[in-house]
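User: I would like to learn how to read a structure feature by feature. Can we go through one together?

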Amino acid sequence: RVFYLVIVGVAVGSVLFGGTVAWFVTDWVWFTERGFGDVFQTVMGARAGLAAIVGCVIAAFLYANARVALRSEQGPVRIVLPPEVARSGLGILISRMPLQRPALAVSGFFGLIGGLMASAWWPEVLLAFQGGDFGYVDPILGYDAGFYVFLVPALSLFRGLCFGVVLLAALISVGLYFAREAIRVEFAEVRPGQYLIRGISV
């Protein structure tokens, strides 16, 4: 059984990461043969740093927001299932599992996705840190032209990232509130519970 699991794991890993590994090896060989090994190291360092920093920040923010949604004075929060579902074997297993663990897993997953997406922004980030001035000042706002060429693209990406993360955190919180019955929908009437009101105020 272990052998088959290893085979399946290798096959799934090859499908998911085979293209990335091939791209990495090909670029590494090409840059090294052309004498641009330092350039390749700089690019990969920027990509890895962006992925790690952005991924950790996103995961921490999402999980902190989820913890606010799961705050309770009565111990661990669990999923509230309908009675007919809660009596089944799977329902019993799900109802006994605290929601903190799925929230942590979901936060880590989206942090990983966000970090991988942010790693593709290395040109904008490097230009924002390494770009200089053109010596031409905008007569209206008083900024050098280098601000618009080097810094504005990175700021635009950062703004979009923040908007997406906040929206995702809101969606996760709404899902958690529904799971713990802090929001109840009865006959097309939405009734907010006390934990929802408290979470929105935070």
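**Reading the surface and the pocket**

Analyst: Take Y148 to begin with: its relative accessibility is 34%, so it counts as partly exposed. Keep in mind that this is a predicted model.

User: Where is Y148 placed in the chain?

Analyst: Y148 sits in helix α7, which covers residues 145-179.

User: Which residues make the nonpolar surface patch?

Analyst: A patch takes in residues with over 30% relative accessible area. Y148, at 34%, is partly exposed. The nonpolar patch here joins Y148 with F134, Y136, I140, L141, Y143 and V149. Its area is about 780 Å².

User: How do I place such pieces in the whole chain?

Analyst: Start with the order of elements. The chain has eight helices and two strands. Read from the N terminus, the order is α-α-α-α-α-α-α-β-β-α. Then look at burial. Of 202 residues, 23% count as buried.

User: Is G135 buried or exposed?

Analyst: The cut-off for exposed is over 50% relative accessible area. G135 has 68%, so it is exposed. This glycine belongs to the loop between α6 and α7.

User: How far apart are G135 and A145 in space?

Analyst: Compare sequence with space. G135 and A145 are ten residues apart in sequence, and their C-alpha atoms are 7.4 Å apart.

User: What about S156 and E124?

Analyst: Here the sequence separation is 32 residues, and the C-alpha to C-alpha distance is 9.9 Å. S156 is in helix α7. With a relative accessible area of 35%, S156 is partly exposed.

User: Now pockets. What is the general idea?

Analyst: A probe the size of a water molecule is rolled over the atoms, and this shows where empty space is left. In this model, the largest pocket has a volume of about 270 Å³.

User: Which residues lie nearest the centre of the largest pocket?

Analyst: L50, V125, F129, A154 and F158 do, out of 13 lining residues.

User: Which helices supply the lining of the largest pocket?

Analyst: α2 (37-69), α6 (122-130) and α7 each give at least two residues. The largest share comes from α7, with six residues.

User: How do the lining residues divide into nonpolar, polar and charged?

Analyst: Twelve are nonpolar and one is charged, with no polar residue in the lining of the largest pocket.

User: Which feature links the two topics?

Analyst: Helix α7. It holds Y148, a member of the nonpolar patch. α7 also gives six residues to the lining of the largest pocket.

Methods: Residues numbered from 1 in each chain as written. Predicted model: local features only at pLDDT ≥ 70, side-chain atom pairs only at ≥ 80, totals over all residues. Heavy atoms only, no water. Patch = residues over 30% accessible without salt bridge, like charges linked within 9 Å, V, L, I, M, F, W, Y side chains within 5 Å. Areas by Shrake-Rupley, 256 points an atom, 1.4 Å probe, with all protein chains shown as cover. Salt bridge = Lys/Arg side-chain N within 4 Å of Asp/Glu carboxyl O. Helix = DSSP H or I, 4+ residues; strand = E, 2+ residues; numbered from the N terminus. Buried < 20%, exposed > 50% of the residue type's maximum accessible area, 1.4 Å probe, protein only. 1 Å grid on protein atoms, 1.4 Å probe; cavity = no way out; pocket = protein on both sides within 12 Å on 5 of 7 lines; lining within 4 Å. Points joined across faces, edges and corners; volume = space filled by probe spheres on them. Nonpolar A, V, L, I, M, F, W, Y, C, P; charged D, E, K, R; others polar.
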